[in-house]
Amino acid sequence: MSTNILSHPLLDHKLALLRSVGTSTKDFRELTNEISMMLAYEALFDAPTVPTVVTTPMGRTRGQLVDSDSFVFVPILRAGLGMMDGVLAVMPNAKFGHIGLERNEETLEPSSYYFKTPRGLENTIACVLDPMLATGGSASAAIAQLKKAGAKKIKLLVMVAAPEGVEKIEQEHPDVDIFAAVLDEYVNNVGYIVPGLGDAGDRIFGTT
């Protein structure tokens, strides 16, 4: 449907720190959370709302509440887990699913080892969380599994995207909206985004 690359000076600032090889595990996690908050904010621009009436110190007024039941956030294990706290800061009542995918280091193709989501996917907007969209293989496989499980509307939230990954999602899942903090140059011959930030999972969990 559309590819949305965020643009904001504060986001650029956080991305520069996130990329740095000198950024500690603690700071990398915190920056991931902050960037995830910004991604969630942008991706939820069309969130369904329900009307409400609230009492202020000066009287009563009408308002709108986001229908948190209409969303399911689905991190791709394991790196996607690093984005959960940021999303929860925006939508604390959110429901979560989990998709476990492993990448074959020789073929770079994903294989599934875990899939668990709340019931009623067909009535929700499923938001896939993955820090890096490199070749697009894992994200595409995750989206395909969600569709097979009944999801009708899906969004993909990533911190760093490569043209190869964006092209793959646009070709294989043209109905999916992509929200990325930045679009980088290319994917190298071992599957890493350039300039990228290295392996997001390793840097989040301190396994470098």
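**Exercise 1. Decide whether phenylalanine 73 is buried or exposed, and place its ring among its neighbours.**

Step 1. Phenylalanine 73 has 0% relative accessibility and therefore counts as buried, where buried means under 20% relative accessible area, exposed over 50% and partly exposed in between, with a 1.4 Å probe and protein chains only. The model is a predicted one, in which local features need pLDDT of at least 70 and side-chain atom pairs count only at pLDDT 80 or more, while totals for chains, interfaces and linings use all residues. Residues are numbered from 1 along each chain as its sequence is written, and side-chain values use heavy atoms, with hydrogens and water left out.

Step 2. Leaving aside residues up to four places away in sequence, phenylalanine 73 touches Leu44, Val87, Met91, Ala94, Lys95, Phe96, Gly97, Cys127 and Leu129, a contact being heavy atoms within 4.5 Å.

Step 3. The ring centres of phenylalanine 71 and phenylalanine 73 lie 6.1 Å apart with their planes at 15°, so this pair is stacked; rings of Phe, Tyr and Trp (its six-membered ring) pair if their centres lie within 6.5 Å, and planes under 30 degrees apart count as stacked, over 60 as edge-to-face and the rest as tilted. Phenylalanine 71 is buried as well, with a relative accessible area of 0%, and ring pairs link Phe71, Phe73 and Phe96 into a cluster.

**Exercise 2. Describe the largest nonpolar core, and state which helix gives the most to this core.**

Step 1. The largest nonpolar core has 37 residues, and those with the most contacts inside it are Leu18, Ile35, Leu39, Phe71, Phe73 and Leu157; such a core is a set of buried Ala, Val, Leu, Ile, Met, Phe, Trp, Tyr and Cys residues joined through side-chain atoms within 4.5 Å.

Step 2. Among the elements that give two or more residues to this core are helix 1 (9-19), helix 2, strand 4 and strand 10 (153-161), the helices (H or I, at least four residues) and strands (E, at least two) being DSSP runs numbered from the N terminus.

Step 3. Helix 2 gives the most to this core, with six residues.

Step 4. A second, separate core of 23 residues includes Ile76, Leu101, Ile154 and Ala161.

**Exercise 3. Identify which strands pair with strand 6, and in which sense.**

Step 1. Strand 4 (residues 71-77) pairs with strand 6 (residues 98-103) in the parallel sense over two bridges, given that two strands pair if DSSP finds at least two bridges between them. Isoleucine 76 has isoleucine 99 of strand 6 as its bridge partner.

Step 2. Strand 6 and strand 7 (residues 110-116) run antiparallel and are joined by six bridges, with isoleucine 99 standing opposite phenylalanine 115 in strand 7.

**Exercise 4. Classify the ring pair of phenylalanine 45 and phenylalanine 179, and compare the exposure of the two residues.**

Step 1. The structure holds three aromatic pairs. In the pair of phenylalanine 45 and phenylalanine 179 the ring centres are 6.5 Å apart and the planes are at 50°, so the pair is tilted.

Step 2. This pair links distant parts of the chain, 134 residues apart, since phenylalanine 45 lies in the loop between helix 2 and strand 2 (49-56) and phenylalanine 179 lies in strand 11.

Step 3. Phenylalanine 45, at 61% relative accessibility, counts as exposed, whereas phenylalanine 179, at 3%, counts as buried.
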